[in-house]
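User: Could you show me how to read a helix and then an enclosed space in a model such as this one?

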Amino acid sequence: MNKSICKSFEILDSISVTNKYNYRNWNTEVSTKYIVRFEGNIVVELSYFSHYKDKVHVKNAIEIPLSSGCSIKCRHCASGHILRPVLLDILQLIKLFDFIVEKHQINEGEYFNISYTGMGESMFQLNNLIELSKYIYNRFLKSEFVFSTVGFSGSYIKRIDALSTLINIRYLHITYLHYDADKVSLIIPYSHDYGFDILKLVEIIKNLNNVVIRINFVVIKGYNDDLEHLGGFINIMKSIKNKVIVRISRLNETDVSNENELFSPSLSRVVEIKNNLLLAGFNCYIFSSETNDKMNCGQLMWKYC
């Protein structure tokens with residue numbers, strides 16, 4: 001165990017692993033996770049990634065958590081099982097970023113990604129994320145951002161579209177599970193309360209002017225991996241297929257997903273989905289790790305909460 005005090009928080013542990021991926025831009029990831037505890041026993045996972053294509057370095061990325069746990073409580077995600085989610089404040093977010101910059105000696109002229117695709121839903125942290133992103137971009141002009149959401153808030157999506165004229169946003173990453181709202185509620189229990197509506201989401205995307213949308217199609221065995229569902233997805237999304245990139249993400253199983261009987265499909269089924277989307281004219285690719293390293297979605301921080 002690597003335990004130390006850094007600034008005003010405690011580093012409880014750090015873990016580094018290397019994994020192979022099926023991904024078009026890189027195929028090897030060196031992932032370093034820091035388990036961080038703030039005052040009040042607020043525990044989060046902070047991540048630093050180095051990506052390589054056939055041993056050639058491609059980029060580095062920082063994944064900043066937005067909260068301890070997550071209020072969305074997706075049934076396949078370990079972070080949703082943390083009983084009392086706590087949003088991080090802007091000072092905590094800045095301290096996490098500054099720690100990574102110092103720890104990994106990031107230079108101001110260096111290109112890297114800042115990702116908000118980790119723990120927590122961005123629509124609950126919009127103002128803090130805008131402030132944090134401007135803080136980062138003012139110091140690191142070559143930084144590039146990936147914002148993320150489950151797609152329930154049209155106002156959030158529109159504000160990210162406007163923000164992309166001020167900072168360099170690579171993608172707005174929108175998680176997709178199913179077009180049927182009742183089916184979505186099987187994975188996200190409160191989706192009806194948040195007003196999930198796939199047709200409204202499509203109309204919002206049609207009217208965006210700036211940001212690139214990446215649809216993160218999380219494929220789950222027996223839930224949304226059949227060709228009937230794929231046909232419905234294609235029919236609904238075809239009007240915006242030239243405005244989106246589809247990332248076909250094979251479910252990364254967690255202990256929580258297994259408890260809820262949510263499992264990964266075969267890689268051959270994911271390839272079949274990709275081939276059908278390509279035939280329908282979508283820009284798409286597969287995202288899948290060779291092995292489940294149990295490093296994502298809040299799996300490391302449970303024992304500290």
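The turns below take up a helix and then a cavity.

Analyst: The model is predicted, so local features need pLDDT of at least 70 and side-chain atom pairs count only at pLDDT 80 or more, while totals for chains, interfaces and linings use all residues. Residues are numbered from 1 along each chain as its sequence is written, and side-chain values use heavy atoms, with hydrogens and water left out.

User: Which residues of α2 are buried?

Analyst: An α-helix has 3.6 residues a turn, so residues three or four places apart point the same way. In α2 (helices being DSSP runs of H or I, at least four residues, numbered from the N terminus), the buried residues are L126, L129, I130, L132, S133, I136 and Y137, where buried means under 20% relative accessible area and exposed over 50%, with a 1.4 Å probe and protein chains only. Because they cover an arc of only 170° around the axis, they lie on the same side of α2, the arc being that of the directions from the helix axis to the C-beta atoms. N127 and N138, on the other side of α2, are exposed.

User: How many cavities of 30 Å³ or more are there, and what lines the largest cavity?

Analyst: Rolling a probe the size of a water molecule over the atoms shows where empty space is left. On a 1 Å grid over the protein atoms alone, a cavity is a set of points where a 1.4 Å probe fits but cannot get out, and lining residues have an atom within 4 Å of a point. The count comes to one cavity of 30 Å³ or more, and the largest cavity has a volume of about 90 Å³, a volume being the space filled by probe spheres set on points joined across faces, edges and corners. Its lining has 13 residues, with V150, T175, Y176, L177 and F196 nearest its centre.

Definitions and conventions. 1 Å grid on protein atoms, 1.4 Å probe; cavity = no way out; pocket = protein on both sides within 12 Å on 5 of 7 lines; lining within 4 Å. Helix = DSSP H or I, 4+ residues; strand = E, 2+ residues; numbered from the N terminus.
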